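Biologist: Could you walk me through this fold, one question at a time? I would like to see how each answer is reached.

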Amino acid sequence: MRYPRVTEVISTFLEFPVSSNMLELACERGKLVHKYCVAELQDLFIPEYGELEGYVQSFRSLLPMKLIKAEFEVKHKQFGYIGHPDMVVEWKGEKWLWDLKTSEVANKAWIMQLGAYYYALPEELKPDKVAAVRLRKDGKPAIVDTIFIDDLNKGFQAFLNFLNGWRYLNGEK
């Protein structure tokens with residue numbers, strides 16, 4: 001059985017009101033911003049962030065924090081999927097699972113995504129709290145959208161429904 005990626009499953013059922021080219025550019029922007037934010041936490045030197053400087057400045061508004069793990073793969077063997085959470089951090093005395101976002105508007109699909117990541121995490125990485133963190137292009141403070149356990153559970157159940165639909169559409173059991 002092939003283990004699909006969390007984002008692959010979710011994106012199958014979502015329509016994006018932008019061109020595929022714009023969506024591709026947004027994905028590339030997100031990947032670079034994630035890389036730069038992790039570099040900030042690891043005290044790595046990046047000579048220039050260019051047009052992404054605002055997002056990094058927005059991320060800096062959350063400091064101090066301690067990076068526990070970043071950009072790693074999780075696998076849920078029972079339900080058969082993989083995912084790539086952005087980071088687990090210690091922030092304000094608690095362990096958090098964070099997914100960094102460069103979108104201005106929150107999206108319910110993020111709850112599904114984070115629910116899938118949360119339930120695939122090994123015990124030693126299980127966080128106290130989970131959040132989508134919206135980084136702002138203008139450099140203003142980041143918005144931490146905390147996802148509470150009831151919503152996380154509902155999002156995970158919705159993800160499992162999507163996963164079953166994905167398997168049906170792809171001829172998998």
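The questions below go through the sheet, the cores, a helix pair and some salt bridges of this predicted model.

Biologist: Happy to start with the sheet. In what order do the 5 strands of the open sheet lie?

Modeller: Good place to begin! The pairing in this open sheet is mixed. The edge strands, which pair on one side only, are β1 (66-70) and β7 (143-147). The twist averages 30° from one strand to the next. Reading across the 5 strands, the order is β1-β4-β5-β6-β7.

Biologist: Do β5 and β6 run parallel or antiparallel, and how many bridges join them?

Modeller: In general, strands of a sheet pair through backbone hydrogen bonds, and either direction is possible. Here β5 covers residues 94-101 and β6 covers residues 129-134. One of the pairings puts Leu100 opposite Val133 of β6. The two strands run parallel, and the number of bridges joining them is 6.

Biologist: Let's move inside. Which element gives the most residues to the largest nonpolar core?

Modeller: That core has 27 residues, and Val6, Tyr81, Leu97, Leu114 and Phe159 touch the most other members. Two or more residues come from each of α1 (6-12), α4 (109-120), β6 and α5 (149-169). With 8 residues, the element that gives the most is α4.

Biologist: And which residues does Leu114 touch, leaving out those up to four places away in sequence?

Modeller: Leu114 is among the core residues that touch the most other members. With sequence neighbours up to four places away not counted, the residues touched by Leu114 are Leu97, Asp99, Val130, Ala131, Ala132, Ile147 and Leu152.

Biologist: How many residues are in the second, separate core?

Modeller: Val38, Val56 and Met87 are included in this second core. So is Leu100, the residue whose bridge partner in β6 is Val133. The residue count of this separate core is 24.

Biologist: Now for the helix pair: are α4 and α5 roughly parallel or roughly perpendicular?

Modeller: Their axes come within 7 Å and cross at roughly 95°. Residues making the contact include Leu114 and Tyr118 of α4, along with Leu152 and Phe159 of α5. Angles of 65 to 115 degrees fall in one class, so α4 and α5 are roughly perpendicular.

Biologist: On to charges. Why are Glu28 and Lys31 separated by about one helical turn?

Modeller: The two form a salt bridge, with the closest N and O atoms 3.7 Å apart. Glu28 is partly exposed at 43% relative accessible area, whereas Lys31 counts as exposed at 54%. They are about one helical turn apart because both belong to helix α2 (residues 20-41), at a spacing of 3 residues.

Biologist: How far apart in the chain are Glu94 and Lys129?

Modeller: This salt bridge has its closest N and O atoms 3.2 Å apart. Glu94 is partly exposed at 27%, and Lys129 is partly exposed at 31%. The pair links distant parts of the chain, with Glu94 in β5 and Lys129 in β6, and the separation is 35 residues.

Biologist: One last point: is Glu8 buried or exposed?

Modeller: A search of the whole structure finds 9 salt bridges, and Arg2, Arg5 and Glu8 are linked in a network of them. Arg5 and Glu8 meet at 3.7 Å, N to O. Arg5 counts as partly exposed at 39% relative accessibility. Glu8 has 17%, and residues under 20% are classed together, so Glu8 counts as buried.

Terms used: Residues numbered from 1 in each chain as written. Predicted model: local features only at pLDDT ≥ 70, side-chain atom pairs only at ≥ 80, totals over all residues. Heavy atoms only, no water. Pairing = 2+ DSSP bridges. Helix = DSSP H or I, 4+ residues; strand = E, 2+ residues; numbered from the N terminus. Axes fitted to C-alpha atoms, helices over the stretch in contact; angles between N-to-C directions. Core = buried A, V, L, I, M, F, W, Y, C linked by side-chain atoms within 4.5 Å. Buried < 20%, exposed > 50% of the residue type's maximum accessible area, 1.4 Å probe, protein only. Contact = heavy atoms within 4.5 Å. Salt bridge = Lys/Arg side-chain N within 4 Å of Asp/Glu carboxyl O. Parallel < 35°, antiparallel > 145°, perpendicular 65-115°, else oblique.
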